[in-house]
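Trainee: I have a new structure open and would like a close look at a single part of it. Please pick one spot and walk me through its surroundings, spelling out your terms as you go.

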Amino acid sequence: MTTAFIWYLLMSYVCGIVHLPLRLSGPEGSCSGRLEVYYNATWGSICDDQWDIRDAEVVCRQLGCGKALRADGSAAFGDGKGMIWLNRVECRGDEIHLWDCSYSLKNHTDCSHKEDAGVTCIQSIADLTNSIGKKLCLQCFDDCFGS
Ligand SMILES: [Ca+2]
Ligand SMILES: [Ca+2]
């Protein structure tokens, strides 16, 4: 096995076979804010159609932010920029990752940034370890899959 392949396996494990990395863009720290998803080498936002607390539960879980308090819509955390990658997210609420849910993933020109979705999660003691994990995942994406 090449070093690159071993590295890939390691990062796949750390990142949980990454399909759709998430981050929150907000003023109140890492566990609330406008949701952004990394796809096609670009961060984009999520349309709030059918955005609800079950979807927020999964996002908060994936980010290591504990339980969800609220699913925010109508650009509650301000308008995003660029692509709107996700719409019509439908989670049961017990999924580990958002990509386990049903959703529409493409450049949603039928939605506007006035409808950007966000989440408000309970911050947990796990934040510290998870923020390190998140950094690793982002680093992984920049290094392994970035342009
Ligand atoms: Ca809407
Ligand atoms: Ca939903």
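Mentor: Happy to. First, a term: helices (H or I, at least four residues) and strands (E, at least two) are DSSP runs, numbered from the N terminus. The model is predicted, so to speak of a local feature takes a pLDDT of at least 70, and side-chain atom pairs count only at pLDDT 80 or more, while totals for chains, interfaces and linings use all residues. Residues are numbered from 1 along each chain as its sequence is written, and chains are lettered from A and ligands numbered from 1 in the order in which they are written.

Let's settle on Glu-95, which sits in the loop that links strand E5 (84-90) to strand E6 (102-105). For exposure, we count other C-beta atoms (placed from the backbone) within 10 Å of a residue's own: 20 or more means buried, 12 or fewer exposed, and anything in between partly exposed. Glu-95 has 18 such neighbours, so it is partly exposed. Two residues are in contact if their C-beta atoms, placed from the backbone, lie within 7 Å. Beyond the neighbours within four places in sequence, Glu-95 is in contact with Val-58, Asp-100 and Cys-101. Arg-61 is 34 residues away from Glu-95 in sequence, yet their C-alpha atoms are 8.5 Å apart.

Now for the strands on either side of that loop. E5 is mostly covered, with five of its seven residues buried. Strands pair if DSSP finds at least two bridges between them. E5 and E6 do this in the antiparallel sense over three bridges, and Glu-90 stands opposite Ser-102 in E6. E5 also runs parallel to strand E3 (residues 42-46), joined by two bridges; here Ile-46 has Leu-86 of E5 as its bridge partner.

Ile-46 leads us to the core. A nonpolar core is a set of buried Ala, Val, Leu, Ile, Met, Phe, Trp, Tyr and Cys residues joined through C-beta atoms within 7 Å. In the largest one, which has 28 residues, the members touching the most others are Leu-35, Ile-46, Val-59, Cys-60, Leu-63 and Val-119. Two or more core residues come from each of strand E1 (22-25), E2, H2, strand E4 (68-72), E5 and strand E7 (118-121). In soluble globular proteins, nonpolar side chains tend to be buried together.

Take Cys-60 from that group: it is found in helix H2 and has 25 C-beta neighbours inside 10 Å, so it counts as buried. Leaving out neighbours within four places in sequence, its contacts include Cys-65, Val-119 and Cys-121. Cys-31 is 29 residues from Cys-60 along the chain, with 7.4 Å between their C-alpha atoms.

Helix H2 (53-62) is preceded by a loop after E3, and Gln-50 lies in that loop. Most residues other than glycine have a negative phi. Gln-50 is not a glycine but has a positive phi of about 65 degrees. With 16 other C-beta atoms within 10 Å, Gln-50 is partly exposed.

To place all this in the chain, there are three helices and seven strands, and from the N terminus the order is α-β-β-β-α-β-β-β-β-α.
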